[in-house]
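Hi everyone, thanks for coming. I'd like to walk you through a structure today, so please have a look at it with me.

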Number of protein chains: 4
Amino acid sequence: MRGETIEQIFHSAVEVFAHSGFERAKIDDVARHAGVAKGTIYYHFKGKEELFVALMRDGMEKMTEQIHRQMGREPDPLRRLRALLQAQVEYLYEHGTFAKLLLSESWGSVERQQEFRAKIRELVELIEEVLIQGAEEGSFRPQMSHHDTAVAMFGAISVSVLQDLFSPERTGTREERVAGLVANLEKLFVDGVVVSKGKT
Amino acid sequence: MRGETIEQIFHSAVEVFAHSGFERAKIDDVARHAGVAKGTIYYHFKGKEELFVALMRDGMEKMTEQIHRQMGREPDPLRRLRALLQAQVEYLYEHGTFAKLLLSESWGSVERQQEFRAKIRELVELIEEVLIQGAEEGSFRPQMSHHDTAVAMFGAISVSVLQDLFSPERTGTREERVAGLVANLEKLFVDGVVVSKGKT
Amino acid sequence: MRGETIEQIFHSAVEVFAHSGFERAKIDDVARHAGVAKGTIYYHFKGKEELFVALMRDGMEKMTEQIHRQMGREPDPLRRLRALLQAQVEYLYEHGTFAKLLLSESWGSVERQQEFRAKIRELVELIEEVLIQGAEEGSFRPQMSHHDTAVAMFGAISVSVLQDLFSPERTGTREERVAGLVANLEKLFVDGVVVSKGKT
Amino acid sequence: MRGETIEQIFHSAVEVFAHSGFERAKIDDVARHAGVAKGTIYYHFKGKEELFVALMRDGMEKMTEQIHRQMGREPDPLRRLRALLQAQVEYLYEHGTFAKLLLSESWGSVERQQEFRAKIRELVELIEEVLIQGAEEGSFRPQMSHHDTAVAMFGAISVSVLQDLFSPERTGTREERVAGLVANLEKLFVDGVVVSKGKT
DNA sequence: AATGAATGAGTTTTCATTCAT
DNA sequence: GATGAATGAAAACTCATTCAT
């Protein structure tokens, strides 16, 4: 298992990186925050970049893992979509710092950014699979491009969470906020905004 | 009208900031790219921050303006939504560099970032109005929170555009790509993913 | 012509590098010594390495140049050899700091060291030419390898100078010391150590 | 006898120090190269400096020893000179790494460097003795300064060896190379470059 | 208006050395 | 005897900003 110190550094690094973004973040701060000497960080990580990438990798892994766990083996596509939605929103809301980094540090040509986008693609594919499964099964409308739709849904989810996290005027407990966001997204994704004549 | 030199600097700054992000971007690079001396930039702008903010303000302004122009006075909510969608996607796709900055430089507590989020909120409100109007008029389903739904839609739009712009394997002309994205988003927003018995 | 500041930095850099060797030398010291800010050095030179290489290049150039000048157009090989000897010893003695760097920083596989060796080869070739010329003309004994002999002579010259410079107990004016070294080297190179029967 | 581990460290240290020079060499590299932990080196040696000095002392000792052995008790000055030459070239060529360190780490005011110069002086004195003996015996020309001549010869020897070792284009077996260098140096030292009428 | 040399505070990174196990 | 994680002082290097011309 990963050592105590590394865990410590990791934890502090998330805080600091999220608070300041990759460039603004100072290794000095990570060290101070973690209660270790600066050299210790360089003993465990090659440099700022490596630490950050390790961090994000870890975050994405945990996220994917938790989502998988929460979705379980639900066979019904609609319920599966709901579970996925709930899981993603919950995770991102819980790890707002990570969510912020994901959305702000993924667009560019630096190698690390390409890796992040690849990770995002994994998340998108999770959604995509649910969409495809639903379409095959007949309960979901076949999409022009399941992938593009999945991307749009991921965008909706992540930006919703971030916007909410950065809204100073938001009220209610975290659970309530999450529930609200999930319900809203579900409504949008499932039924769209237009009143369908066939439904009440 | 703004002088030749300032225009030059502005133009180069967009390029450089978009390529590297605010922190990574170097004034030196902007100067070289613009073909002026570094001092010249400081003669016209107070500093890096001011240059960047001026830039973003300009971009947001043009965006809002163009969107307003494109939407015209279309009274039908559904058509109005379509027009809005088309306009936003088109603008962001066209100004990918700006889209990238918008999504990556808006999350944080630095003052400038709060200003960017405020601008995003303006865009979101544009969507919100359409939703509200549609709901009042009866063609749109009343949302739990029109604002949250609008945010979600904005997220879907912007992330879709960015993901597409950074996809190396994308094919087709820009017009085709934009049309595809718009069609897909429209489908999702209007009808959702679930097959409704009442519709064909 | 090269700017005042650069000249200043150059001058200080020779001092500092020679005193401490490449690795031990601190850019901070060069800056302080030159009376400029650290940043100024980095404004003019890419880094420590570039400064050092520029320095050595400059030193070698001046050395070659001065030697050429001093040797003039003397056609007689023996006199030419003497002139060369005198010029090399004089220059190295005068620029002991440079001599030290040349001998201590030229052996290794770092690129810069290869360049230094190439420069040394130029000096060696100067000697070689004299030897070949003398051999063709008949006054010098044909050597097994003029190049190897030239290398040996260069080694003798440079180490003699360094050893003398670092001898705490040396006496006499610089001119006397140089004259002594030159005379001694000349004796060795010209006649060898063995008593030849054909000479008194 | 010295323990296995110490021997290992010693051996690796020679490699690493020779490859990078004293300053550039990292204890980490020595440890990795030796297959021991960094702490182990500090268990056996007080520090980097001590390790290096111990190393050089060892090298110088072995060198002096081997040279003495090879020279034997040859009474004839000329043959004695030849033997000395052969022994020095051979040792330095064989221990090129050591030769490099000797020439590059001996010029400076750090204590260790003074010690190295003292050791060099020992080598020089070996040569000096031969010269003096030859002069007293009558077969060598009396020198202005036997010491200076000896220094020059040492310089010629060591630089010749180094230049050869670092020549990428050198050909032939090591024995051949050594033999060539020795022959050439002998020719130079014994007869000089000038054709003397009294010899064939 | 424009320039570009100079600055120095701020960061990242390195590495010999220590020490608890 | 041996280990290797942890340290922190010491350097190298960056870059937004200033200012004399």
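I'll talk about the DNA, then a pair of chains, and then the domains of one chain. Please keep in mind that this is a predicted model.

Let's begin with DNA strand F. Which residues are closest to DNA strand F? They are Thr5(A), Thr40(A), Tyr43(A), His44(A) and Thr40(D), out of 29 residues that surround the strand. If you look at the strand's atoms within 4 Å of the protein, 69% belong to sugar or phosphate, and the rest belong to bases.

Now zoom in on some individual approaches. His44(A) has a polar side-chain atom 2.2 Å from a phosphate oxygen of DNA strand F. On chain D, a polar side-chain atom of Thr5(D) sits 2.9 Å from a phosphate oxygen of that strand. Gly39(D) approaches a base instead: one of its backbone N or O atoms is 3.1 Å from a base nitrogen of DNA strand F. The elements that give two or more residues to this surface are helix H3 (38–44) of chain A and its counterparts numbered H3 (38–44) in chains B, C and D. H3(D) gives the largest share, with 5 residues. By class, the surface near the strand has 12 nonpolar, 10 polar and 7 charged residues.

Next, let's turn to chains C and D. Here, 53 residues of chain C are in contact with 51 residues of chain D. The two chains bury about 5200 Å² between them, and 61% of that is on carbon and sulfur atoms. On the chain C side, Trp107(C), Arg141(C) and Val193(C) supply 16% of the buried area, more than any other three residues.

How many salt bridges are there between chain C and chain D? The count is 2. In a salt bridge between Arg24(D) and Glu23(C), the closest N and O atoms are 1.8 Å apart. There are also 20 residue pairs in polar contact between these chains. H8(C) brings the largest share of the chain C side, 12 residues. That side divides into 26 nonpolar, 16 polar and 11 charged residues.

Finally, let's look inside chain A. Chain A is divided into domain 1 (1–45) and domain 2 (56–191), and their centres are 27 Å apart. Between them, 10 residues of domain 1 are in contact with 6 residues of domain 2, and the buried area is about 640 Å². The count of salt bridges between these domains is 0, while 2 residue pairs are in polar contact.

Thanks for listening!

Notes:
Residues numbered from 1 in each chain as written. Chains lettered and ligands numbered in written order. Predicted model: local features only at pLDDT ≥ 70, side-chain atom pairs only at ≥ 80, totals over all residues. Heavy atoms only, no water. Domains from an automatic or database assignment. Contact = heavy atoms within 4.5 Å. Buried area = accessible area lost by both parts, 1.4 Å probe. Salt bridge = Lys/Arg side-chain N within 4 Å of Asp/Glu carboxyl O. Polar contact = N/O pair within 3.5 Å; in protein donor to acceptor, adjacent residues only side chain to side chain. Near = heavy atom within 4 Å. Helix = DSSP H or I, 4+ residues; strand = E, 2+ residues; numbered from the N terminus. Nonpolar A, V, L, I, M, F, W, Y, C, P; charged D, E, K, R; others polar.
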